[in-house]
Amino acid sequence: MSEPRLESYLQGRWAVGTQKGSPLVNPATEEVIAWTDTSGLDIGGALEFARVRGGQNLRDLSFKERGKLLGSMREALHGAREALIDSAMLNGGCTRGDAKFDVDGAIGTLAAYAELGESLGDVDVLLDGEGVQLGRSPKFWGQHVYLPRRGVAVLINAFNFPAWGFAEKAACAILAGMPVVTKPASATSHTAHLLTKVLVDANVLPEGVMSLICGAPGELLERLASQDVLAFTGSAVTGRRLRQHPVVVEKSVPVNVEADSLNAAVLGPDAELGSDLMQLFLRDVVTDMTQKTGQKCTAIRRIFVPAATCDGVIEALKERLAEIVVGNPAQKEVRMGPLATQQQLADVKEGTRRLREESEVMFGGADQPVKAVGVAEGTGYFFPITLLKSRDSAKSALVHQHEVFGPVATIVPYDGTADQASELVARGGGSLVSSIFTDDKKFLKQAMMGMAPYNGRLYLGSGKILDHTFGPGTVLPQSTHGGPGRAGGGEELGGIRGVQHFMQRTSLQGYRPLIEKITT
Ligand code: NAP
């Protein structure tokens, strides 16, 4: 075994398990690049070390000072940007553009929260709104405050965003004053391991603030305590398992779940072929289907198109999808890489087979051989870009139930009314984000009212923002990320809102001058 063994970083030291562990693979070439193993590691000890040392070290700092820590983390990661991008390309099957999306997303999120820390200033108490008179005299006063929880923030991430997934959670937790123990998905932990190494080597964080579990979780859940917070991103099945864990239930550990989502794009009846609005719609759909090989929690899976414009839209999408070169991301011309793991490939194949029970293939399809540039035929976890169309929109059920986590999306024709579009979107059972592409105010208002309760975020695509938007698939630190129902019922980011998840809200009641003295 000549490939490196990726160590965990626990109690301020690097440590490796006692067994051989599991391999990490380059999904384009199927070559083993490293191994992870956590057997025999003292996970409980690591959590306690973080709670005691890391927690105290952060609580000794003001918001502004913690913001500075985030700024230093950002700087260190920026300095190692190229190496992190290389790692994401090697282990995640990412093109350079996909890898930048993850790494720059992490750097940008840390920068945004560093600024937020600066703006909160040299204080250590976060006020929750205005104080309020509680008794007949103004002397008896009430004020809600947020203070850091005295535990550790356990951050469990999915395989698709090893850098950004870490940063969005860690930035909020550290700014709140909670140390973090991060557990990336084993299969793509190469990048999370490198990122931790960069931060440790740069010595930018006080002792105990950051730990890494690289590999299987071991007794992580069993060792949680009531002041800890569990922040999870991954599949709905794992999310449910973690939420129902006896220790989590018994100790009322707050759990934030970011899970699957059948995100929708609704094309308004006013969109004409050739218009800016249509350009934006086509660009966003193609980006979401192919960026990160469709392995984005926010990617558009269901495309609702007025029946009257459906044929033209399908032709325009096919034309654009045909331009995407698929292959080994090491080749410059490649615009879409393989799926991240062999399991992913098997799941996407099976998921597409299920969707096919109710739809026709418009482009690609599992029966098509993938012409992957830069690898020997049959090598790598490649899957063809696949556009499907529902046979019967009213009866289709699987498209609203089954998330195929790959370069696959389904067109569902509708009658062009906001009411029917909203009803179809709601069938997804709760999504992270849905998009409405229209410049028609009446349609937009009606669709917003119908769709908002089923979505954590609505992206309002107008022809006017063609050159000004990042698209619905990009999660921004200023806006909340999460969604109701099957999307997990969680919420992250959104400026200060994301920080508050790692703090306890307490209501203070007492003599007004004293309350004001201790909270400002
Ligand atoms: P997954 O299989 O659910 O795994 C997610 C994470 O949970 C991994 O780190 C995994 O570790 C860990 N895990 C599994 N069982 C655990 C246990 N018993 N205790 C502690 N940790 C445990 O999901 P995935 O395949 O990595 O990610 C794909 C899914 O994530 C997709 O369904 C996608 O929709 C969703 N996703 C959602 C968002 C969002 O923001 N809503 C973002 C990205 C992805 P191991 O790898 O070591 O098993």
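**View 1. Two domains contribute to the ligand shell.** Domain 1 (5–260 + 492–518) and domain 2 (263–476) each give at least three residues to the shell around the ligand, with bounds from an automatic or database domain assignment. This is a predicted model, in which local features need pLDDT of at least 70, side-chain atom pairs count only at pLDDT 80 or more, and totals for chains, interfaces and linings use all residues. Residues are numbered from 1 along each chain as its sequence is written, and side-chain values use heavy atoms, leaving out hydrogens and water.

**View 2. Here are the neighbours of the ligand.** In all, 26 residues surround the ligand, the closest being Asn157, Ser186, Ser235, Thr238 and His481; a residue is near if one of its heavy atoms lies within 4 Å.

**View 3. Now for polar contacts with ligand oxygen atoms.** Polar side-chain atoms of Lys183 and Asp260 each lie 2.9 Å from an oxygen atom of the ligand. For Ala185, a polar backbone atom is 3.4 Å from a ligand oxygen atom. Such a contact is a pair of N or O atoms within 3.5 Å.

Conventions. Polar contact = N/O pair within 3.5 Å; in protein donor to acceptor, adjacent residues only side chain to side chain.
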